[in-house]
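Biologist: Please take a close look at the place where the ligand sits, and describe what surrounds it. Start from the chain leading into that place, and mention any unusual backbone along the way.

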Amino acid sequence: MDFKRVAVVMAMEAEAEPLLEAVGARPADAPAWAAALPCKLYSAYEAGLELMVAVGGTDPFTGVDCIGTQAAALATQVAVSAHAPDLVVSAGTAGGYRRSGAEVGHVYVAWPRIVCHDRRIPLGGFDAFGRGEHPVADLRATAAELGMRSGIVTTGDSLDESTADAEAIAASGAEVKEMEAAAVAWVARLNEVPVTALKVISDLVDDPAPTPEQFAANLGSVVLILRDAVKALLDRLGPG
Ligand code: SAH
């Protein structure tokens, strides 16, 4: 499976920085129509691949990183339009679950789908739209060779897990909880580009320690694991 042009979509600057440095990425221009959008584009060559990294950017109204689905959807469309990738990768940190054997630092590649857990719309047809189930590229073999796990990735726009979220996550069988992948997957699918998600566990949702505390304590180390995991995946997927 040889890819030639890959777009990696990331939410937080802290997540992207080590990767950008490792691949020697340089800032790239966004299309003129995207001038008002906060996302930032970078380009690099890695393992014979033409790589574009799209980062959510800074929210001009609150001054923090644009995490979550809105900015992820915009960044994905900008990257797809600017780069015409043959694979889109949603890469970042995520919550994992002790009950599925996850530990901080474990790396997951999405399989067989990416879903949503906080879009509850009990109206005919809209319930399936709300669940937003999107198929992903089959990278199971590559993931296994790299010692990465495979599992369903679930997306919502909150860091916490409400009771309703927990029920939806248990029902979907998801093992990886984060805030962007389903938006990235939806936009990639609209553009008929294969998509995957690569997520490093930064916190354990079913651990008594509060998620924000775990996330803050682990972010510095997991972004280095994230850098190495994205690079390792690209090295396998590219022509060499
Ligand atoms: N509050 C943090 C930033 C947000 S954490 C800070 O102060 O730096 C949320 C980001 O990490 C999102 O981009 C999301 O995709 C990911 N994430 C990590 N763990 C998560 C979890 N348990 N639930 C949801 N998103 C999580």
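**The ligand site and its approaches**

Modeller: Ala84 is found in the loop that runs between α2 (69-83) and β5. This is a predicted model, and in it the phi of Ala84 is near 45 degrees, a positive value for a residue that is not glycine. The strand after that loop, β5, matters for your request: with 3 residues, β5 gives the largest share of the shell around the ligand.

As for the ligand itself, 17 residues surround it. The closest of these are Thr93, Lys177, Met179, Glu180 and Asp203. Three of those five can be described by their polar atoms. Lys177 places a polar side-chain atom 2.8 Å from a nitrogen atom of the ligand. Thr93 also uses its side chain, with a polar atom 3.1 Å from an oxygen atom of the ligand. Met179 uses its backbone instead: a polar backbone atom of Met179 is 3.0 Å from an oxygen atom of the ligand. On its own the ligand has 570 Å² of accessible area, and the protein covers 80% of it.

The ligand sits in the largest pocket. Four elements each give two or more residues to the shell around the ligand: the strands β5 (87-96), β9 (176-178) and β10 (195-204), and the helix α7 (211-237). By these ranges, Thr93 belongs to β5, Lys177 to β9 and Asp203 to β10.

The loop leading into β10 also has an unusual backbone. Glu192 lies in the loop between α6 (181-190) and β10. Like Ala84, whose phi is positive, Glu192 is not a glycine and has a positive phi, of about 60 degrees. So much for the two loops.

One further backbone feature belongs to a strand. Trp111 and Pro112 are joined by a cis peptide bond, with omega at about -5 degrees. Pro112 is part of strand β6, which covers residues 107-116.

Last, the aromatic side chains. A search of the whole structure for aromatic pairs returns 0. An aromatic ring does take part in another arrangement: Arg119 lies over the face of Phe129, 4.9 Å from the ring centre.

To return to the site you asked about, the ligand has polar atoms of Lys177, Met179 and Thr93 beside it, and β5 contributes the largest share of its shell.

Conventions:
Residues are numbered from 1 along each chain as its sequence is written. This is a predicted model: local features need pLDDT of at least 70, side-chain atom pairs count only at pLDDT 80 or more; totals for chains, interfaces and linings use all residues. Side-chain values use heavy atoms; hydrogens and water are left out. Rings of Phe, Tyr and Trp (its six-membered ring) pair if their centres lie within 6.5 Å; planes under 30 degrees apart count as stacked, over 60 as edge-to-face and the rest as tilted. A charge sits over a ring if NZ of Lys or CZ of Arg is within 6 Å of the ring centre and within 35 degrees of the ring normal. A residue is near a molecule or strand if one of its heavy atoms lies within 4 Å of it. A polar contact is a pair of N or O atoms within 3.5 Å; within protein, one must be able to donate a hydrogen and the other to accept it, and residues adjacent in sequence count only if both atoms are side-chain atoms. Accessible areas come from the Shrake-Rupley method with a 1.4 Å probe; for residues, only the protein chains shown count as cover. On a 1 Å grid over the protein atoms alone, a cavity is a set of points where a 1.4 Å probe fits but cannot get out, and a pocket is an open set with protein on both sides within 12 Å along at least five of seven lines; lining residues have an atom within 4 Å of a point. A molecule sits in a cavity or pocket if more than half of its atoms lie within 2 Å of its grid points.
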